[in-house]
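User: Please take a close look at the largest pocket of this model. Tell me what lines it and where it sits, then place it in the wider picture.

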Amino acid sequence: MTLEAPTSSTSDRLPGAAAVAQWRSRSGPWLDVLAQRVVTADPRSEIAVCAPWTGEHLGSVPACTSEDVALAVGQARLAQQAWADRPVGDRRRVLLNYHRLTLDRQDTLLDLVQVESGKARLSAFEEVLDVAVNSRYYGIHGPKFLRDRSHLGALPFFTATREVRQPVGVVGIIAPWNYPLTMAISDALPALMAGNAVILKPATETPFSAIAAVALLEEAGLPPHVCQIVTGRGSELGTPILDSVDSVCFTGSSETGRAIAQQAGDRLLPCSLELGGKNPMIVLADADLDRAVEGAARACFGNAGQLCMSIERIYIQRPLYDRFVEALVAHTQQLTLGAALDYGPAIGSLISPAHQAKVHRLVEAAIAQGAQCLSGGRPRPDLGPCFYEPTLLSQVTPAMALSDTEVFGPVVALYPFDDPAEAIRAANASPYGLNASLWTRNLRLGRQLASQIQCGSVNLNEGYIATWGSVAAPLGGHKASGLGVRHGQTGLLRYTRSQTVATQRGVAIAPSFGLSPQQYAHLMTLALRLLRHLPGLR
Ligand code: NAD
């Protein structure tokens, strides 16, 4: 963690100091207890975790080594077999207990997520929602997805064919810091439902939310060692994890995703990669202005813009452009920034001063090259070491790094357009393809335009949460935004291996009963011609 703690006298005066102090007095030594859940042989080498609201030290977790990863994977392998052997109904019960516990204990989880990541409470609540929805969905539907399936056999009536789903074994989950609860646990739930064990490596900035989530899973009935946590730097733990697990689910930047894919490729390791985005919003002239403005602000500034699905480019059809921009500026200027363990402030802090500096560098460079800042554009040291104002820019050109770099902060560029085809071209002119948003009252046109957008997720008259929250549907990135999908049946089956078991009865699929090869070929040709016309047998 690169947070440089302000001096205690400075941090005491920051608005977040009271909230962090209040949380400390309530949580006591809880973080030390959580840190003991990390699998390590040498707890002395530590990584400090800081509170982004103030920069103060919160606690420490072990800096795990490759030996620790080996230990964690070894224990997980032993635990996995017994877990997979349990009736699927037992695993279902654990997930549904977890659903209840997550909702019951939400205040404790929300506080921890906020203190550790610096986010606003509503953004933290999205994490609780997401975990609850995924545990309910996979708890209820998982058993059905895992059932053996009959398929049409090679020779109808004589070949009985079944598809069996087996867990892969140990799944590695490598998670980012921006949604520390969701990203650590929601992808683990279908893996566990399928009978796998999990090795979880949370981001160095936010390990405690992930550890608390696993502690709650064990309270819900998950046996010890089935979900193991290792903490430490990705650059050190990535290779040992990829060398020892049976499948990996990585969420993070496209740059790291490429490195993971290369290593996974060497071992032919199944991997799903959920990566970055530079997500466009298109607002057609007939859009409901008030809803579009409110939706845009939520999609651009929710979680202070530190959301893979968040909108960083808005294309507005010219007849609406001036009114939209004016209304968005007014809306943005009313958004409150702050640090509080309640639903007061709309926007929280960025994760670290280093990240804030990156965001500000991109904004300053764009302004120096001619972009116009319509709102925001400044760090807010009076609020804390990494707060940043929600920022609206116009006249951003392709020459500016901000136009195609993922900012991952509360910064959005606004562009006018005339013809929808022009907006689609601009939206698609990005190496990324994660999420897009389109606003129009003409839903037919909206769906038609959606089909032309090169993104794995398109929200009509919403920013991102409609597709994200529809967990029954697969969700993943196109182009540099990812490989594979989470959610839906595919989101669970990615953690299984299929085995096809076919039983041949009575007749061999070969010349038999005294038929010559030529007679057999003739008979099979006739049968094939016939089968094509028989519903249920083709
Ligand atoms: P990151 O790639 O730097 O780190 C993500 C995780 O990978 C962390 O746990 C990190 O420790 C680990 N890591 C780093 N180097 C590694 C390596 N060489 N081998 C193995 N693991 C390594 O990303 P970040 O800065 O933590 O997160 C922000 C990025 O994540 C953004 O690009 C954002 O769009 C993306 N993201 C994508 C989704 C999605 O669902 N598509 C969701 C959230 C975040």
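Analyst:
**The largest pocket**

The largest pocket holds about 1,100 Å³ of space. Its lining counts 42 residues, and those closest to the pocket centre are P176, W177, G252, S253 and T256. Keep in mind that this is a predicted model.

Which elements give two or more residues to the lining? They are α11 (234-244), β8 (247-251), α12 (254-267) and α15 (353-368). Helix α12 supplies the largest share, with seven residues. By class, the lining splits into 17 nonpolar, 17 polar and eight charged residues.

Where does the pocket lie with respect to the domains? Both domain 1 (16-275) and domain 2 (279-472) contribute lining residues, so the pocket lies between them.

**The domain frame**

The domain assignment gives three entries for the protein chain: domain 1 (16-275), domain 2 (279-472) and domain 3 (509-538). Domain 3 can be placed relative to domain 2: their C-alpha centres are 61 Å apart.

**The enclosed space**

Now from the open pocket to closed space. One cavity of 30 Å³ or more turns up in a search of the whole structure. The largest cavity contains about 50 Å³. Its lining is made of T251, E274, L275, C308, M309, L434, W468, L475, G476 and R486. Six of these lining residues are nonpolar, two are polar and two are charged. Domain 1 (16-275) and domain 2 (279-472) each provide at least three residues to the cavity lining. Both domains also line the largest pocket.

**Aromatic pairs**

Next, the rings. The whole structure has four aromatic pairs. One of them joins Y137 and Y138. That pair is edge-to-face, with 4.9 Å centre to centre and 75° between the planes. Y137 and Y138 are both buried. Ring pairs also bring in F145, giving a cluster of Y137, Y138 and F145.

Why does the pair of Y315 and Y415 count as stacked? The ring centres are 4.9 Å apart and the planes meet at 15°, so the pair is stacked; the cut-off for stacking is under 30 degrees. This pair links distant parts of the chain. Y315 belongs to strand β11 (residues 311-317), Y415 belongs to strand β14 (residues 411-417), and 100 residues separate the two. Y315 and Y415 are both buried.

**Charges over rings**

Two rings carry a charge above them. The charged end of K119 sits over the ring of Y179, 3.8 Å from the ring centre. R121 lies over the face of Y343, at 5.9 Å from the centre of that ring.

Helix α7 (residues 121-146) holds A124. Is A124 buried or exposed? Its relative accessible area is 1%, so A124 is buried. A124 and L445 are 321 residues apart in sequence, and their C-alpha atoms are 35 Å apart in space.

**Backbone details**

Two residues that are not glycine have a positive phi: N461, at about 60°, and K479, at about 50°. N461 is in the loop between β17 (457-460) and α18 (465-469). Why does N461 count as buried? Its relative accessibility is 15%, and the cut-off for buried is under 20%. K479 lies in strand β18 (residues 478-479). With a relative accessible area of 38%, K479 is partly exposed.

R378 takes its place in the loop between β12 (372-375) and β13 (391-394). At a relative accessible area of 48%, R378 is partly exposed. Its C-alpha atom is 7.2 Å from that of H360, with their positions 18 residues apart along the chain.

**Back to the pocket**

To recap the part you asked about: the largest pocket lies between domain 1 (16-275) and domain 2 (279-472). Helix α12 gives seven residues to the lining, the largest share. P176, W177, G252, S253 and T256 are the lining residues closest to the pocket centre.

How values were computed: Residues numbered from 1 in each chain as written. Predicted model: local features only at pLDDT ≥ 70, side-chain atom pairs only at ≥ 80, totals over all residues. Heavy atoms only, no water. 1 Å grid on protein atoms, 1.4 Å probe; cavity = no way out; pocket = protein on both sides within 12 Å on 5 of 7 lines; lining within 4 Å. Points joined across faces, edges and corners; volume = space filled by probe spheres on them. Nonpolar A, V, L, I, M, F, W, Y, C, P; charged D, E, K, R; others polar. Domains from an automatic or database assignment. Phe/Tyr/Trp six-rings, centres within 6.5 Å; stacked < 30°, edge-to-face > 60°. Buried < 20%, exposed > 50% of the residue type's maximum accessible area, 1.4 Å probe, protein only. Helix = DSSP H or I, 4+ residues; strand = E, 2+ residues; numbered from the N terminus. Lys NZ or Arg CZ within 6 Å of the ring centre and 35° of its normal.
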